[in-house]
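Welcome! Take a moment to look over the sequence and the 3D structure below, and then we will walk through some of their features together.

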Amino acid sequence: MPLKKAGQPLVVTTYEFPVKPEKTTVKQFLYNKSTGQILGRTSKNWGQLLLFYTIFYALLAAMFAICMQGLLATLNTEYPKWQLEDSIIGTNPGLGYRPMPATVDQAPVVHYAAANKTEVKEWVGRINEFLEPYKDHKLLPGGGKNQVICDFQKPPSPNTVCAVDVSKMGPCNAEEGYSYNKSAPCIFVKLNRIYGWVPEYYDDINDLPESMPSDLVEYIKSIPEQERKQVWVSCNGIAAADIEAIGPIQYYPQRGLPSFYYPFTNTQGYLSPLIAVHFARPAVKTSINVECRVWAKNVIYRGGQRDRQGSINFILLID
């Protein structure tokens with residue numbers, strides 16, 4: 001240690017040992033009388049914090065509103081911006097059917113006991129719910145006042161749509177319970193809507209695909225030429241055992257979806273045309289694998305369990 005030299009002032013160093021902070025109680029944390037702090041902050045601190053977050057979230061809300069207005073300015077409520085080939089949906093409409101199982105995670109099986117009134121009522125109720133807009137036009141936008149009766153010689157005029165008459169579905173009607181209690185159920189099939197899509201019809205009897213079922217070929221040949229512009233639908237069993245068990249099949253009001261329902265242009269009151277497929281005498285206590293498919297030149301068909309297109313597949317099982 002160096003010695004202090006003569007005449008050099010004496011420096012004395014003092015040390016202050018840290019004092020252990022006083023414990024803060026919950027009551028003091030909520031409000032400290034000595035410092036005036038509330039929840040550890042003074043009123044001034046709280047005011048500054050509140051002002052900062054008010055400005056911050058106001059700017060966020062303004063930016064969000066500007067972005068939403070920019071997005072909505074590019075949208076149109078009457079027609080989609082991206083259509084047909086430019087859209088995600090594309091140009092290949094899918095085929096849908098009703099009734100379906102109660103939940104989407106259930107297998108596509110129409111399974112019930114014809115003698116069980118509760119089960120029959122459940123399936124009939126699902127069809128009634130689906131057909132409600134077809135029967136009660138008050139449920140449609142505009143009350144369905146622009147619906148007109150169409151045929152091949154009388155297509156709809158601008159701002160009108162063709163009505164779908166579900167009273168012409170033969171035994172597939174609500175009064176007869178869609179024949180579910182007779183072990184002869186009806187399935188309603190329809191094409192999914194694609195804005196602006198126009199079918200290319202198999203209307204030339206000399207240009208029908210070889211894979212088309214013979215009964216459908218005979219049906220097309222039997223109707224007048226002017227009524228052949230339709231999207232045809234056929235249903236049958238998938239395997240040989242299914243074909244044998246499925247029995248006779250009837251279609252109402254016809255085997256196709258007429259041309260005067262297309263294209264879909266989002267006109268108020270429009271309803272997709274339907275075909276009621278009546279399985280007149282299917283085998284009971286037998287699991288029947290059924291496939292229904294669409295026949296149009298611009299509808300791609302693909303069967304199988306994965307990536308199915310232009311068709312539906314379900315199991316019919318009547319106890």
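## Three sulfur bridges

The structure has three disulfides. Keep in mind as you read that this is a predicted model. If you number the bonded cysteines in sequence order, the partners are 1-2, 3-4, 5-6.

Let us visit each bridge in turn, starting with the pair that holds Cys 150.

## Cys 150 and Cys 162

The sulfur atoms of Cys 150 and Cys 162 sit 2.1 Å apart and form a disulfide. The torsion about the S-S bond is -95°, and this link is left-handed. The bridge connects distant parts of the chain, 12 residues apart: Cys 150 belongs to the loop between strand E3 (147-148) and strand E4 (161-162), while Cys 162 is in strand E4 itself.

Are these two cysteines buried or exposed? A residue counts as buried when its relative accessible area is under 20%. Cys 150 has 13%, so it is buried. Cys 162 has 3%, so it is buried too.

## Cys 172 and Cys 186

The next disulfide joins Cys 172 to Cys 186, with 2.0 Å from S to S. This bridge is left-handed, because the torsion about its S-S bond is about -80°. Here as well the pair links distant parts of the chain, 14 residues apart, with Cys 172 in the loop between E4 and strand E5 (186-191) and Cys 186 in strand E5.

How accessible are the two partners? Cys 172 is buried, with a relative accessible area of 1%. For Cys 186 the value is 0%, and this residue is buried as well.

## Cys 235 and Cys 292

In the remaining bridge, Cys 235 and Cys 292 form a disulfide with their sulfur atoms 1.9 Å apart. What is the handedness of this link? With 110° about the S-S bond, the link is right-handed. Cys 235 is in strand E6 and Cys 292 is in strand E10, so this disulfide ties together parts that lie 57 residues apart in sequence.

Cys 235 counts as buried at 6% relative accessibility. Cys 292 counts as buried at 0%. For contrast, have a look at another cysteine: Cys 67 is exposed, with a relative accessible area of 56%.

## A helix with two faces

Now turn to helix H4, which spans residues 214-222. Which of its residues are buried? They are Leu 216, Val 217 and Ile 220. These residues cover an arc of only 105° around the axis, and so they lie on the same side of H4.

The face turned away from that buried side carries the exposed residues Ser 214, Glu 218 and Ser 222. What covers the buried residues of H4? The cover includes strand E6 (230-237) and strand E10 (288-295). You have met both strands already: Cys 235 lies in E6 and Cys 292 in E10.

## Two pockets

The largest pocket has a volume of about 430 Å³. It is lined by 23 residues, and those closest to its centre are Cys 150, Pro 253, Gln 254, Phe 260 and Tyr 261. By class, this lining has 15 nonpolar, four polar and four charged residues. Notice a familiar name here: Cys 150 is also one partner of the disulfide with Cys 162.

The second largest pocket has a volume of about 330 Å³. Its lining has 21 residues, and Pro 156, Thr 160, Phe 260, Tyr 262 and Pro 263 lie nearest its centre. The lining divides into 12 nonpolar, seven polar and two charged residues. Phe 260 is named for this pocket, and Phe 260 is also among the residues closest to the centre of the largest pocket.

## A stop at Val 198

Finally, find Val 198 in the loop between E5 and H4. Val 198 counts as partly exposed, with 46% relative accessibility. Which residues does Val 198 touch, leaving aside its neighbours within four places in sequence? Val 198 is in contact with Pro 263 and Asn 298. Pro 263 is one of the residues that lie nearest the centre of the second largest pocket.

To get a sense of distance, compare Val 198 with Glu 132. These two are 66 residues apart in sequence, and their C-alpha atoms are 27 Å apart in space.

Conventions. Residues numbered from 1 in each chain as written. Predicted model: local features only at pLDDT ≥ 70, side-chain atom pairs only at ≥ 80, totals over all residues. Heavy atoms only, no water. 1 Å grid on protein atoms, 1.4 Å probe; cavity = no way out; pocket = protein on both sides within 12 Å on 5 of 7 lines; lining within 4 Å. Points joined across faces, edges and corners; volume = space filled by probe spheres on them. Nonpolar A, V, L, I, M, F, W, Y, C, P; charged D, E, K, R; others polar. Buried < 20%, exposed > 50% of the residue type's maximum accessible area, 1.4 Å probe, protein only. Helix = DSSP H or I, 4+ residues; strand = E, 2+ residues; numbered from the N terminus. Arc of directions from axis to C-beta. Contact = heavy atoms within 4.5 Å. Disulfide = S-S within 2.5 Å.
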